[in-house]
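User: Please take a close look at one part of this model. Start from a single residue, follow its contacts outward, and tell me what holds the surroundings together.

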Amino acid sequence: QLQLVESGGGPVLPGGSLRLACAASGFTEDFYTISWFRQAPGKEREGVSCITVSNISSQATTVIADSVKGRFSISRNNAKNTVYLQMDSLKPEDTAVYFCAADPLVLCQEGWNQVPYNNWGQGTQVTVSS
């Protein structure tokens, strides 16, 4: 079974940067979409970004949510089985628990953040505050 472990969260000043990592293990399929979601206290879970991970193609499809476009980016290191979320120009409203999720049946395209994922990490807290 696929296991996901997030890391890289912590406190940061407004305007600062963090890079979150999602380390995956136990792949059983040739293709996955790995996505980042976040949830702030009292708010609904929000999709942040997704990327495709494939043993078949080296090309990756990515999507960045409009709410973080221009500030966040997503990438992958296939050799390390890790997906990264680079977060720059952080704002207090970015404060949330960030989760990574993966599913072989989800496509990184319109609707990626509105379908169920079978595999979730435990989350990592990001706190943006002065």
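Analyst: Val126 is buried, at 0% relative accessible area. Buried is under 20%, exposed over 50%, and partly exposed in between, using a 1.4 Å probe on protein chains only. This is a predicted model: local features need pLDDT of at least 70, side-chain atom pairs count only at pLDDT 80 or more, and totals for chains, interfaces and linings use all residues. Residues are numbered from 1 along each chain as its sequence is written, and side-chain values use heavy atoms, leaving out hydrogens and water.

Val126 sits in strand β11, residues 124-128. Strands here are DSSP runs of E, at least two residues, numbered from the N terminus. Val126 has a partner from far back in the sequence: Gly9 is 117 residues away along the chain, yet the two C-alpha atoms are separated by 4.9 Å. Contact means heavy atoms within 4.5 Å. With neighbours within four places in sequence set aside, Val126 contacts Gly9 and Gly10, then Leu18 and Leu20, then Met87. The list continues with Asp94, Thr95, Ala96 and Tyr98.

Take Asp94 next. Like Val126, which has 0% relative accessible area, Asp94 is buried at 0%. Asp94 pairs with Arg71 in a salt bridge, with the closest N and O atoms 2.7 Å apart. A salt bridge needs a side-chain nitrogen of Lys or Arg within 4 Å of a carboxyl oxygen of Asp or Glu. Arg71 lies in the loop between β6 (62-64) and β7 (72-77), and Asp94 in the loop between β8 (82-87) and β9 (96-103), so the bridge ties together parts 23 residues apart in sequence. Arg71 is buried too, with 11% relative accessible area.

The pair is not alone. Arg38, Glu46, Arg71 and Asp94 are linked in a network of salt bridges. Within it, the side chains of Arg38 and Glu46 meet at 2.8 Å, N to O. Arg38 is buried, at 7% relative accessibility. Glu46 is partly exposed, at 27%. The whole structure has 4 salt bridges. Another of them joins Asp66 to Lys69, with 3.0 Å between the closest N and O atoms. Asp66 is exposed, at 66% relative accessibility.

The network also borders open space. The largest pocket holds about 160 Å³. It is lined by 13 residues, and those closest to its centre are Arg38, Lys43, Glu46, Glu93 and Asp94. The lining divides into 8 charged, 3 polar and 2 nonpolar residues. Charged means Asp, Glu, Lys and Arg; nonpolar means Ala, Val, Leu, Ile, Met, Phe, Trp, Tyr, Cys and Pro; the others, Gly among them, are polar. A pocket is an open set of points on a 1 Å grid over the protein atoms alone where a 1.4 Å probe fits, with protein on both sides within 12 Å along at least five of seven lines; lining residues have an atom within 4 Å of a point. Volume is the space filled by probe spheres on the points, joined across faces, edges and corners.

Now move along β9. Ala96 and Tyr98 are among the contacts of Val126. Cys100, also in β9, is joined to Cys22 by a disulfide, S to S 2.1 Å. The pair links distant parts of the chain, 78 residues apart, with Cys22 in strand β3 (residues 18-25). A disulfide is a pair of cysteine sulfurs within 2.5 Å. The link is right-handed, at 70° about the S-S bond. Cys22 is buried at 0%, and Cys100 is buried at 0%.

A disulfide also joins Cys50 to Cys108, S to S 2.1 Å. Cys50 lies in β5 (residues 46-54) and Cys108 in the loop between β9 and β10, 58 residues apart. This link is right-handed as well, at 90° about the S-S bond. Cys50 is buried at 0% and Cys108 at 6%. The structure holds 2 disulfides, in the pattern 1-3, 2-4 with bonded cysteines counted along the chain.

One last stop is Asn119, in strand β10 (residues 119-120). Asn119 is buried, at 9% relative accessibility. Beyond residues up to four places away, Asn119 touches Gln1, Leu2 and Leu4, plus Cys100, Ala101, Ala102 and Asp103. That contact leads back to Cys100 and its disulfide with Cys22.

Conventions: Helices (H or I, at least four residues) and strands (E, at least two) are DSSP runs, numbered from the N terminus.
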